[in-house]
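Here are a few short exercises to work through with the model open beside you. Try each task before reading its solution.

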Amino acid sequence: MGTNGSAMRRILITGATGFTGRHACRLFAATGWEVIGVSSGRSGGTGEPRGAAPQKTWGSGEALRKSNAGGEALRESGVCGEVHWKSGVCEEDQWKPGVSREDQWKSGVSEGTGEPRGEWREYVPPIVGCDLTEKQAVFELCRELQPDAVLHLAGQNAVDRSWQRPDETLAVNVWSTVHLLEGMRASGRGERGRILVVGSMLTNASLETAAHPYGFSKAVQVAAALNWHNWYGIEALAVEPSNLIGPGGSQGLCGKLARWVAAVEAARPGRDGQENPEGEREASRPSPMGDPIGSNPFVLSSLAEERDYLDVRDAVSAYEALLLRGQAGRLYSLGSGVMRTLGEVKEAFDAAAKVKLAWQIRDQGGPSPQPRDLSDILSLGWRPLIPFTQSIEDALEDERHRLGESNRKG
């Protein structure tokens, strides 16, 4: 497929039930794509099953059997393939299909992202199950569905797990990518469809000095995409995003902080922004979101370490720009372009919280990464639109909502 920006029709989004995948499904559906989510059955960002039950499956692995069991309630409720909002959102605030997010931002549909603050619309696409580590399953998936584009988000994304299971990490991150590249080539879509492989900035310049198995696997994954273009003419390109934040249950630092703050707020009697009068800490017990509220104060390694934080909704908009206008065979860096210290992250949560937060700051910070050159992605006309503070506020409000829903169900 060429890079002239002509309209595409069908996109497969792997990892569709994960943190980024759910946002990607939402954006691509809103901008006119026919979205088919691909799930391996591995859990999404918060650890619980997400999305509708797969309409069809390829492969025979244990992960796929788990996939078949998840999300039945969503399928029965009829939201599969529909646009689904959380409660209390007015019709006029909805993201208009076919209208670019930039135009909606400028038109003032609502402040910021074109969404009500703290709410985000979740699109639940038709879901198919496929064990991407099974070559034949992936080949059948590509041959039958004939996608115009593939957004490859699926993977094993935990550094700690990669130390424990380096073999699994390589199988999931590397071989699934190779199977998709080969599947598209075998189906005849390789030179007409496009494949965007999403890597990670947690990689080293040299494979020989990779910091951990996860970083090694992501570097090889990206190298595979670029070399399949060089060797076979596959329309593949890759992107390495910075730390993604925002609503939806991220497992990154800001997601963990949002869950911690929401749990601390819920555990304290004073909900009006005042600290518990006695300053007492709650007893240690697991919160419904899986993080211990008794770990108050929250421990930060330092206040000086710097990171680039990008809203996940801005990131998936960049992925669409890359699929439409990016150059095959290229690796793009993606971020906000602003390096923020952990001290700034702390201040943002202090400002957004309804109670006074307790912190423990250590002097054990590691080196900060060098800022990435974003000129290639900016040259495509993409720009980050969502302010850092709004990303934090939206993530926290989303976790409050999740915690409230969990408590009501419990």
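**Exercise 1.** Across which strands does helix H11 lie, and at about what angle does it run to S14?

*Solution.* Keep in mind that this is a predicted model. Start by finding helix H11 at residues 342-352. Next, look at what it covers: H11 lies across S12 and S14. Finally, compare directions: H11 runs at about 70° to S14.

**Exercise 2.** Work out the strand order of the open sheet of three strands, and find which strands stand at its edges.

*Solution.* Step one is the order, which is S10-S12-S14, with mixed pairing. Step two is the edges: strand S10 (243-245) and strand S14 (339-341) each have a single partner strand, so one side of each is left without a neighbour in the sheet. Step three is the twist: on average, neighbouring strands here are turned by 55° against each other, direction ignored.

Now take a closer look at one pair. Strand S12 (residues 306-311) pairs with S14 in the antiparallel sense, over three bridges. One residue to click on is Arg 307, whose bridge partner in S14 is Arg 340. Helix H10 (residues 312-325) also packs on this sheet, where it touches S10 and S12. The direction of H10 makes about 70° with that of S12.

**Exercise 3.** Check whether the end-to-end distance of helix H8 agrees with its number of residues, then find what its buried residues pack against.

*Solution.* First, the count: H8 covers residues 213-232, which is 20 residues. At 1.5 Å a residue, H8 should span 28 Å. The end C-alpha atoms are 28 Å apart, so the two values agree.

Next, the buried residues of H8, among them Tyr 214, Leu 226 and Trp 228. The buried residues of H8 pack against several elements, including helix H7 (166-186), strand S9 (236-241) and strand S13 (331-334). Just after H8, look for Gly 233, which takes a positive phi of about 75°.

**Exercise 4.** Explain why Cys 142 forms no bond with the closest cysteine sulfur.

*Solution.* Begin with the distance: the sulfur of Cys 142 is 7.8 Å from that of Cys 130, the closest cysteine sulfur. A disulfide needs the two sulfur atoms within 2.5 Å, so 7.8 Å is too far for a bond. Then check the surroundings: Cys 142 is buried, with a relative accessible area of 0%. Cys 25 is buried too, with a relative accessible area of 0%. To finish, the structure as a whole holds zero disulfides.

Terms used:
Residues are numbered from 1 along each chain as its sequence is written. This is a predicted model: local features need pLDDT of at least 70, side-chain atom pairs count only at pLDDT 80 or more; totals for chains, interfaces and linings use all residues. Side-chain values use heavy atoms; hydrogens and water are left out. Buried means under 20% relative accessible area, exposed over 50%, partly exposed in between (1.4 Å probe, protein chains only). Helices (H or I, at least four residues) and strands (E, at least two) are DSSP runs, numbered from the N terminus. The expected span of a helix is 1.5 Å times one less than its number of residues. Contact means heavy atoms within 4.5 Å. Two strands pair if DSSP finds at least two bridges between them. Axes are lines fitted to C-alpha atoms, for helices over the stretch in contact, and angles run from 0 to 180 degrees between N-to-C directions.
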